[in-house]
Amino acid sequence: MELALTEAAAALGHGDVPVGAVVLRDGVPIAQRHNERERLQDPTAHAEVLALRDAAAALGTWRLEDCTLVVTLEPCLMCAGALVLARVDRVVFGAWDPKAGAVGSVWDVVRDRAVNHRVEVVPEVRAAECSELLSAFFAARRLG
(Lines give C-alpha, C1' and ligand atoms only; values in the text may rest on other atoms or scores of the structure.)
Protein backbone atom coordinates (compact mmCIF):
# COMPACT_ATOMS: atom_id res chain seq x y z
CA MET A 1 0.00 0.00 0.00
CA GLU A 2 2.96 2.30 0.54
CA LEU A 3 3.73 2.26 -3.20
CA ALA A 4 0.05 2.88 -4.03
CA LEU A 5 -0.02 5.89 -1.68
CA THR A 6 3.12 7.26 -3.33
CA GLU A 7 1.48 6.85 -6.73
CA ALA A 8 -1.70 8.53 -5.48
CA ALA A 9 0.27 11.57 -4.35
CA ALA A 10 1.83 11.80 -7.82
CA ALA A 11 -1.65 12.38 -9.31
CA LEU A 12 -1.83 15.68 -7.44
CA GLY A 13 0.89 17.06 -9.70
CA HIS A 14 -1.52 17.22 -12.62
CA GLY A 15 -4.82 17.82 -10.83
CA ASP A 16 -6.09 14.25 -10.86
CA VAL A 17 -7.97 12.61 -8.00
CA PRO A 18 -5.21 11.05 -5.86
CA VAL A 19 -5.69 7.33 -6.44
CA GLY A 20 -2.75 5.01 -6.84
CA ALA A 21 -2.57 1.35 -7.84
CA VAL A 22 0.10 -1.35 -7.85
CA VAL A 23 -0.04 -4.82 -9.40
CA LEU A 24 1.94 -7.49 -7.56
CA ARG A 25 2.88 -10.96 -8.69
CA ASP A 26 4.38 -13.25 -6.07
CA GLY A 27 4.66 -10.18 -3.83
CA VAL A 28 6.80 -8.29 -6.35
CA PRO A 29 5.50 -5.05 -7.92
CA ILE A 30 5.25 -5.39 -11.71
CA ALA A 31 3.25 -2.23 -12.45
CA GLN A 32 2.27 0.92 -10.60
CA ARG A 33 0.23 3.89 -11.80
CA HIS A 34 -1.96 6.74 -10.61
CA ASN A 35 -5.05 8.43 -12.00
CA GLU A 36 -4.34 10.32 -15.22
CA ARG A 37 -7.80 11.26 -16.48
CA GLU A 38 -7.10 14.99 -16.40
CA ARG A 39 -3.59 14.73 -17.78
CA LEU A 40 -4.54 12.40 -20.63
CA GLN A 41 -8.12 13.64 -21.06
CA ASP A 42 -9.12 9.98 -21.05
CA PRO A 43 -12.15 8.86 -19.03
CA THR A 44 -10.69 5.35 -18.72
CA ALA A 45 -7.31 6.48 -17.32
CA HIS A 46 -8.03 5.28 -13.80
CA ALA A 47 -5.03 4.09 -11.80
CA GLU A 48 -6.32 0.51 -11.78
CA VAL A 49 -6.85 0.28 -15.54
CA LEU A 50 -3.46 1.83 -16.31
CA ALA A 51 -1.71 -0.51 -13.86
CA LEU A 52 -3.51 -3.56 -15.31
CA ARG A 53 -2.45 -2.52 -18.83
CA ASP A 54 1.17 -2.14 -17.74
CA ALA A 55 1.11 -5.46 -15.89
CA ALA A 56 -0.30 -7.26 -18.95
CA ALA A 57 2.44 -5.72 -21.10
CA ALA A 58 5.13 -6.72 -18.59
CA LEU A 59 3.88 -10.30 -18.42
CA GLY A 60 3.03 -10.63 -22.08
CA THR A 61 -0.52 -11.77 -21.34
CA TRP A 62 -3.87 -10.25 -20.48
CA ARG A 63 -4.50 -13.05 -17.97
CA LEU A 64 -3.27 -11.65 -14.68
CA GLU A 65 -3.78 -14.81 -12.69
CA ASP A 66 -1.61 -15.00 -9.59
CA CYS A 67 -1.67 -11.19 -9.39
CA THR A 68 -2.92 -8.83 -6.70
CA LEU A 69 -4.03 -5.26 -7.32
CA VAL A 70 -3.40 -2.89 -4.42
CA VAL A 71 -5.28 0.42 -4.73
CA THR A 72 -5.92 3.34 -2.41
CA LEU A 73 -9.66 3.60 -3.18
CA GLU A 74 -12.30 0.91 -3.69
CA PRO A 75 -12.50 0.32 -7.45
CA CYS A 76 -15.41 1.71 -9.45
CA LEU A 77 -17.68 -0.30 -11.74
CA MET A 78 -15.33 0.00 -14.73
CA CYS A 79 -12.25 -0.99 -12.75
CA ALA A 80 -14.04 -3.85 -10.97
CA GLY A 81 -15.09 -5.20 -14.37
CA ALA A 82 -11.50 -4.94 -15.57
CA LEU A 83 -10.32 -6.93 -12.53
CA VAL A 84 -12.75 -9.72 -13.37
CA LEU A 85 -11.90 -9.73 -17.07
CA ALA A 86 -8.15 -9.75 -16.34
CA ARG A 87 -8.61 -12.70 -13.97
CA VAL A 88 -6.86 -10.91 -11.10
CA ASP A 89 -6.81 -13.11 -7.99
CA ARG A 90 -7.10 -10.45 -5.29
CA VAL A 91 -7.79 -6.77 -4.79
CA VAL A 92 -6.53 -4.97 -1.69
CA PHE A 93 -7.85 -1.46 -1.16
CA GLY A 94 -7.69 1.35 1.36
CA ALA A 95 -10.72 3.64 1.46
CA TRP A 96 -14.31 2.65 0.72
CA ASP A 97 -16.10 4.57 -2.03
CA PRO A 98 -19.71 4.86 -0.81
CA LYS A 99 -20.79 6.70 -3.99
CA ALA A 100 -19.27 4.57 -6.76
CA GLY A 101 -17.51 1.57 -5.21
CA ALA A 102 -18.02 -1.76 -6.95
CA VAL A 103 -16.23 -4.27 -4.72
CA GLY A 104 -18.56 -4.26 -1.76
CA SER A 105 -20.11 -0.86 -1.06
CA VAL A 106 -22.54 0.15 -3.83
CA TRP A 107 -22.03 -2.96 -5.98
CA ASP A 108 -20.02 -6.13 -5.57
CA VAL A 109 -19.09 -6.94 -9.16
CA VAL A 110 -15.97 -8.94 -8.34
CA ARG A 111 -17.85 -11.49 -6.24
CA ASP A 112 -21.09 -11.64 -8.23
CA ARG A 113 -22.23 -15.17 -9.02
CA ALA A 114 -23.08 -14.11 -12.58
CA VAL A 115 -19.47 -13.41 -13.55
CA ASN A 116 -17.05 -16.09 -14.72
CA HIS A 117 -14.24 -15.15 -12.30
CA ARG A 118 -14.39 -14.03 -8.69
CA VAL A 119 -11.80 -11.82 -7.04
CA GLU A 120 -10.82 -12.04 -3.38
CA VAL A 121 -11.34 -8.68 -1.61
CA VAL A 122 -9.19 -7.34 1.23
CA PRO A 123 -10.62 -3.96 2.31
CA GLU A 124 -9.50 -1.09 4.54
CA VAL A 125 -5.72 -1.51 4.39
CA ARG A 126 -4.33 1.80 5.68
CA ALA A 127 -7.82 3.18 5.17
CA ALA A 128 -7.29 6.33 7.27
CA GLU A 129 -4.27 7.44 5.21
CA CYS A 130 -6.02 6.73 1.93
CA SER A 131 -9.17 8.56 3.03
CA GLU A 132 -7.22 11.57 4.29
CA LEU A 133 -5.42 12.03 0.98
CA LEU A 134 -8.75 12.02 -0.87
CA SER A 135 -10.52 14.23 1.69
CA ALA A 136 -7.74 16.83 1.56
CA PHE A 137 -7.86 16.87 -2.25
CA PHE A 138 -11.62 17.45 -2.39
CA ALA A 139 -11.55 20.00 0.47
CA ALA A 140 -8.91 22.02 -1.44
CA ARG A 141 -11.04 21.89 -4.59
CA ARG A 142 -14.09 23.21 -2.69
CA LEU A 143 -12.02 26.12 -1.34
CA GLY A 144 -10.31 26.85 -4.66
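Student: In what order do the five strands of the open sheet lie, and what is the pairing called?

Tutor: In this predicted model, the order is β2-β1-β3-β4-β5, and the pairing is mixed.

Student: What makes β2 and β5 the edge strands?

Tutor: Strand β2, residues 28–34, and strand β5, residues 120–122, each pair on one side only, and they are the edge strands of the sheet. On average, and with direction ignored, neighbouring strands of this sheet are turned by 20° against each other.

Student: How do you know that β4 and β5 pair?

Tutor: Two strands count as paired if at least two bridges are found between them, and strand β4, residues 90–95, shares three bridges with β5 in the parallel sense, so the criterion of at least two bridges is met. As for individual positions, R90 stands opposite E120 in β5.

Student: How many aromatic pairs does a search of the whole structure find, and why is the pair of F93 and W96 called edge-to-face?

Tutor: The search finds two aromatic pairs. The rings of F93 and W96 are 4.9 Å apart, centre to centre, with 80° between the planes; because pairing requires centres within 6.5 Å and edge-to-face requires planes over 60 degrees apart, this pair satisfies both conditions and is edge-to-face.

Student: Why is the pair of F137 and F138 described in that way too?

Tutor: The ring centres of F137 and F138 lie 5.0 Å apart and their planes stand at 80°, so this pair is edge-to-face, given the cut-offs of 6.5 Å for the centres and over 60 degrees for the planes.

Student: Why does F93 count as buried or exposed, and what about W96?

Tutor: Buried means under 20% relative accessible area, and exposed means over 50%. F93, at 0%, is therefore buried, whereas W96, at 35%, falls between the two limits and so counts as partly exposed.

Student: How do F137 and F138 count by the relative accessibility criterion?

Tutor: F137 has a relative accessible area of 11%, which is under the 20% limit, so F137 is buried; F138, at 35%, counts as partly exposed because that value lies between 20% and 50%.

Student: Which residues of the largest pocket's lining are the closest to its centre, and what is the class make-up of that lining?

Tutor: The largest pocket has a volume of about 500 Å³, and of the 20 residues that line it, V17, L73, D97, L134 and F138 are the closest to its centre. By class, the lining has eleven nonpolar, four polar and five charged residues. Helix α5, residues 127–143, gives the most to the lining, with four residues.

Note on methods. Residues are numbered from 1 along each chain as its sequence is written. This is a predicted model: local features need pLDDT of at least 70, side-chain atom pairs count only at pLDDT 80 or more; totals for chains, interfaces and linings use all residues. Side-chain values use heavy atoms; hydrogens and water are left out. Rings of Phe, Tyr and Trp (its six-membered ring) pair if their centres lie within 6.5 Å; planes under 30 degrees apart count as stacked, over 60 as edge-to-face and the rest as tilted. Buried means under 20% relative accessible area, exposed over 50%, partly exposed in between (1.4 Å probe, protein chains only). On a 1 Å grid over the protein atoms alone, a cavity is a set of points where a 1.4 Å probe fits but cannot get out, and a pocket is an open set with protein on both sides within 12 Å along at least five of seven lines; lining residues have an atom within 4 Å of a point. Grid points are joined across faces, edges and corners, and a volume is the space filled by probe spheres set on the points. Ala, Val, Leu, Ile, Met, Phe, Trp, Tyr, Cys and Pro count as nonpolar, Asp, Glu, Lys and Arg as charged, and the others, Gly among them, as polar. Axes are lines fitted to C-alpha atoms, for helices over the stretch in contact, and angles run from 0 to 180 degrees between N-to-C directions.
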